[in-house]
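Colleague: Could you take a close look at one helix in this model for me, and then follow its surroundings outward? I would enjoy a connected account rather than a list.

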Amino acid sequence: MSSAPEGSHEHKDDEAFIIVKAAPRASQSHGETVCIAAIDMNGKWVRLYPVSFRHLADGQKFGRWDRISYRWRKATSDQRVESRRVDQDSIEIKGKLKEGERHSFLSRAAVSSLKAEWDQGRSLAILNCEIIDFWHEPQTAEELKRQEDVYDNMRRQNDFFSKGNLIPREACPHVFKYRYRDADGIHIGTCQDWETEATFLHRRRDLGSEAAALDWMVEKFGVEFPRKGMVLAMGTHRRWEGQWLINGVLRANPVTQMTML
């Protein structure tokens, strides 16, 4: 790999495993974009943006656990150390992390204190924590309308919703929240995971009932996953310094070894 100085505008090449795709949000400068959290081949977190899925070719539309190659340069508008500005035309899917390797992969990345990560200048983390509660709240009318506009724009692209992509065809009318405890205490966070929102929409369609789908989400994400083992993919807000957000929910066997990458 090349080693251009920090802040360089020269592009470099790298590969990484996709861990999280945050739900698409409207961007004034880049249209509808997705923020990607990934772990590179050296075990370091990277935040890839702006990625607009409607402008990716079918063969570039990656999912969780995919290994991708890409060109990037240091972000100038986002000073978080992991942030990389991606040339999305360079994205290529190279393979996928095997299911049997995912537990050890997450175990090596897991931490127990978000404060410690922030104090060390990090803004992405896999958090091993105690899940206390999981619940849902109705989306505000303003935010729901904003998200509906985003998805309406996406639906106009004929190739966007290719078969097999777990991508919401509409705005999710609910927000899903966790109360959790890490080494620093008890926190409440809203789940921004693209696939969590999409899972609710799929279950509502399959079950034919909003109430039944919400009950299923509470049982699955609030009871079954915590009992069997799960971790939270966390990231800090770009503008609100030190505020951690839940970017993803990852199934994993109970993590017993708390080692840093």
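**Helix H5 and what it packs against**

Modeller: Happily! Let me start where the helix ends: just after H5, Gly-229 adopts a positive phi of about 120 degrees. Please keep in mind that this is a predicted model.

At the other end, the start of H5, a side-chain oxygen of Ser-209 comes to within 3.4 Å of the backbone nitrogen of Ala-211. Between these two ends, the length works out well: H5 has 19 residues, and at 1.5 Å a residue they should span 27 Å, which agrees with the 26 Å between its end C-alpha atoms. The helix also has a bend of about 30 degrees, located at Lys-220.

Lys-220 is also among the buried residues of H5, together with Ala-213, Leu-214, Met-217, Phe-221, Glu-224 and Phe-225. What do these buried residues pack against? Their partners are E9, E10, H4, E12 and E13.

That brings us to the nonpolar core. The largest one has 25 residues, and those with the most contacts inside it are Tyr-178, Tyr-180, Phe-200, Leu-232, Met-234 and Val-249. Two or more residues each come from strand E8 (124–127), strand E9 (130–138), strand E10 (174–182), H4, helix H5 (210–228), strand E12 (230–236) and strand E13 (244–251). H5 gives the most to this core, with 5 residues.

Leu-232 is a good place to look inside the core. Setting aside neighbours within four places in sequence, Leu-232 is in contact with Ala-125, Ile-126, Leu-127, Cys-129, Ile-131, Tyr-178, Tyr-180, Ile-246, Gly-248 and Val-249. Apart from this core lies another, of 18 residues, which includes Ile-39, Trp-65, Leu-97 and Leu-124.

Now to one of the contacts of Leu-232, namely Ile-246. Ile-246 belongs to strand E13, and its relative accessibility is 0%, so it counts as buried. Although Ile-246 and Met-234 are 12 residues apart along the chain, their C-alpha atoms are separated by 4.8 Å. With neighbours within four places left aside, the contacts of Ile-246 include Tyr-178, Tyr-180, Leu-232, Ala-233 and Met-234, and also Gly-189, Thr-190, Cys-191, Gln-192 and Asp-193.

Asp-193 leads from the nonpolar packing to the charged pairs. A search of the whole structure finds 20 salt bridges. One of the pairs is Asp-14 with Arg-84, whose closest N and O atoms are 2.7 Å apart. Asp-14 sits in strand E1 (residues 12–21) and Arg-84 in strand E6 (residues 83–96), so this pair ties together parts that are 70 residues apart in sequence. Both Asp-14 and Arg-84 are buried.

Asp-193 itself forms a salt bridge with Arg-64, where the closest N and O atoms are 3.2 Å apart. Asp-193 lies in the loop between strand E11 (185–191) and helix H4 (194–207), while Arg-64 lies in the loop between strand E4 (45–51) and strand E5 (66–74), so the pair ties together parts that are 129 residues apart in sequence. Asp-193 counts as buried because its relative accessibility is 1%, and Arg-64 counts as buried at 13%.

For an exposed example, turn to Asp-119 and Lys-115: both are exposed, and they form a salt bridge with closest N and O atoms 2.9 Å apart. They are 4 residues apart in helix H2 (residues 114–119), so about one helical turn separates them. Finally, back at Asp-193, salt bridges with shared partners join Arg-64, Asp-193 and Glu-195 into one network.

Terms used:
Residues are numbered from 1 along each chain as its sequence is written. This is a predicted model: local features need pLDDT of at least 70, side-chain atom pairs count only at pLDDT 80 or more; totals for chains, interfaces and linings use all residues. Side-chain values use heavy atoms; hydrogens and water are left out. A salt bridge is a side-chain nitrogen of Lys or Arg within 4 Å of a carboxyl oxygen of Asp or Glu. Buried means under 20% relative accessible area, exposed over 50%, partly exposed in between (1.4 Å probe, protein chains only). A nonpolar core is a set of buried Ala, Val, Leu, Ile, Met, Phe, Trp, Tyr and Cys residues joined through side-chain atoms within 4.5 Å. Contact means heavy atoms within 4.5 Å. The expected span of a helix is 1.5 Å times one less than its number of residues. The bend at a residue is the angle between axes fitted to the seven residues ending there and the seven starting there. A polar contact is a pair of N or O atoms within 3.5 Å; within protein, one must be able to donate a hydrogen and the other to accept it, and residues adjacent in sequence count only if both atoms are side-chain atoms.
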